[in-house]
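Biologist: I would like to learn how to read a structural model at the bench. Could we take the features one by one?

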Amino acid sequence: ATRVWMFVFVCLLFTLPMWASQYILAMACIVGIHLIATFGLNLTTGNAGLISLSHGAFMGVGCYTVAYLGKMGVPFFLTIPIAGTLAAILGFIVGLPSLKVKGIYLAIATLAAHFILSFTFREWVSVTGGVQGTTIPRAQLFGYQLVGDKDNFYLIFILALGMGIAARNLGRTFIGRAFVAVRDRDISAEILGVNLLITKLQAFAIGAFYAGVAGGVLGYFYGAI
């Protein structure tokens, strides 16, 4: 029954551009983008139980990455996964303190990473444009330029649906089950053969990848000229 109702909801959702006002459509696009980022945060904090306060900074990494690559002429459909990959690498680095600290101390460590990345965004003027910001070329898909919320809506929610299914299926794999085991009792998980080092870093990296993709999409669709 849950799957049936979810299928009905998705079908109704994809009819939204046909009848919704411009305001509702714009809000739906923003919700879809942040839904992608939330999937990643749910994997890191919800499934693995690791507190991350640097998720917004990872979105910024994705946003500035697509801006820089877009101006270099890299196609839209390549910049998004590259943005996610770069954010995942930084998430891997930010996750290193999780090997030694937990709880509020891990939260402070990830918050420090957030401020370091925010400082970088502000001061690395040649790449990010500093406080004045930067521009991003319009996204193009097979020669068609994506302009306006109606064009963006379907691409955003197709991406959100695909990444949501991927996150759901990840929970059924060994990696996803290892996340839950570490969250519930890391000592017991280690006794059962779960590698705490790899599992925690995977949780941060995968969560940051989702945030980087969301940031890249946000930058393209709301910062492009």
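Modeller: Keep in mind that this model is predicted. We start with a charged pair. Asp184 forms a salt bridge with Arg183, and their closest N and O atoms are 3.1 Å apart. The cut-off for such a pair is 4 Å.

Biologist: Are Asp184 and Arg183 buried or exposed?

Modeller: Asp184 is exposed, because its relative accessible area is 52% and the class begins over 50%. Arg183 has 38% and counts as partly exposed.

Biologist: How many salt bridges does the count give?

Modeller: The count comes to two. Glu123 forms a salt bridge with Arg122, with the closest N and O atoms 3.5 Å apart. Glu123 is partly exposed at 46%. Arg122 is partly exposed too, at 39%.

Biologist: Next, the cysteines. How many disulfides does the structure hold?

Modeller: Zero. Cys11 is in no disulfide; the nearest cysteine sulfur belongs to Cys29, 18 Å away. A disulfide needs the two sulfur atoms within 2.5 Å. Cys11 is partly exposed, with 37% relative accessibility.

Biologist: Why does Cys63 form no bond with Cys29?

Modeller: Because the gap is too great: the sulfur of Cys63 is 16 Å from that of Cys29, its closest cysteine sulfur. Cys63 counts as partly exposed, at 24%.

Biologist: Now helices. How do I check the span of H4?

Modeller: Use 1.5 Å a residue. The 17 residues of H4 should span 24 Å, and the end C-alpha atoms are 25 Å apart, so the two agree. Helix H8, residues 148-170, passes a similar check: its 23 residues reach 33 Å, close to the 33 Å expected.

Biologist: How many residues of H4 are buried?

Modeller: Twelve of the 17, so H4 is mostly covered. Among them are Phe58, Met59, Val61 and Leu69. H4 is followed by Gly73, which has a positive phi near 95 degrees.

Biologist: And what does a list of buried positions tell me in a helix?

Modeller: Look at the spacing. An α-helix has 3.6 residues a turn, so residues three or four places apart point the same way. Try that on H8. Its buried residues include Asp149, Asn152, Phe153, Ile156, Phe157, Ala160, Met163 and Gly164.

Biologist: Which residues does His55 touch?

Modeller: His55 sits in H4, residues 55-71. Leaving out residues up to four places away in sequence, His55 touches Ala37, Gly40, Leu41, Gly207 and Ala211. His55 is buried, because its relative accessibility is 9%, under the 20% limit.

Biologist: Let us do the same for Val182. Where is it found?

Modeller: Val182 is in helix H9, residues 174-184. It is buried, also with a relative accessible area of 9%. With the same sequence neighbours left out, Val182 touches Ala48, Ala189, Val194, Leu196, Thr199 and Lys200. Trp124 is 58 residues from Val182 in sequence and 37 Å away in space, C-alpha to C-alpha.

Biologist: Last, the surface. Which residues make the nonpolar patch?

Modeller: Leu86, Ile89, Phe92, Ile93, Leu96, Leu99, Leu197 and Ile198 make a patch of about 670 Å². Residues in it have over 30% relative accessible area. Ile89, for one, is partly exposed at 47%.

Biologist: Which helix gives the most to the patch?

Modeller: H5, with four residues. Ile89 lies in that helix. H5 (76-94) and H11 (196-223) each supply at least two.

Notes. Residues numbered from 1 in each chain as written. Predicted model: local features only at pLDDT ≥ 70, side-chain atom pairs only at ≥ 80, totals over all residues. Heavy atoms only, no water. Patch = residues over 30% accessible without salt bridge, like charges linked within 9 Å, V, L, I, M, F, W, Y side chains within 5 Å. Areas by Shrake-Rupley, 256 points an atom, 1.4 Å probe, with all protein chains shown as cover. Salt bridge = Lys/Arg side-chain N within 4 Å of Asp/Glu carboxyl O. Buried < 20%, exposed > 50% of the residue type's maximum accessible area, 1.4 Å probe, protein only. Contact = heavy atoms within 4.5 Å. Expected span 1.5 Å × (residues − 1).
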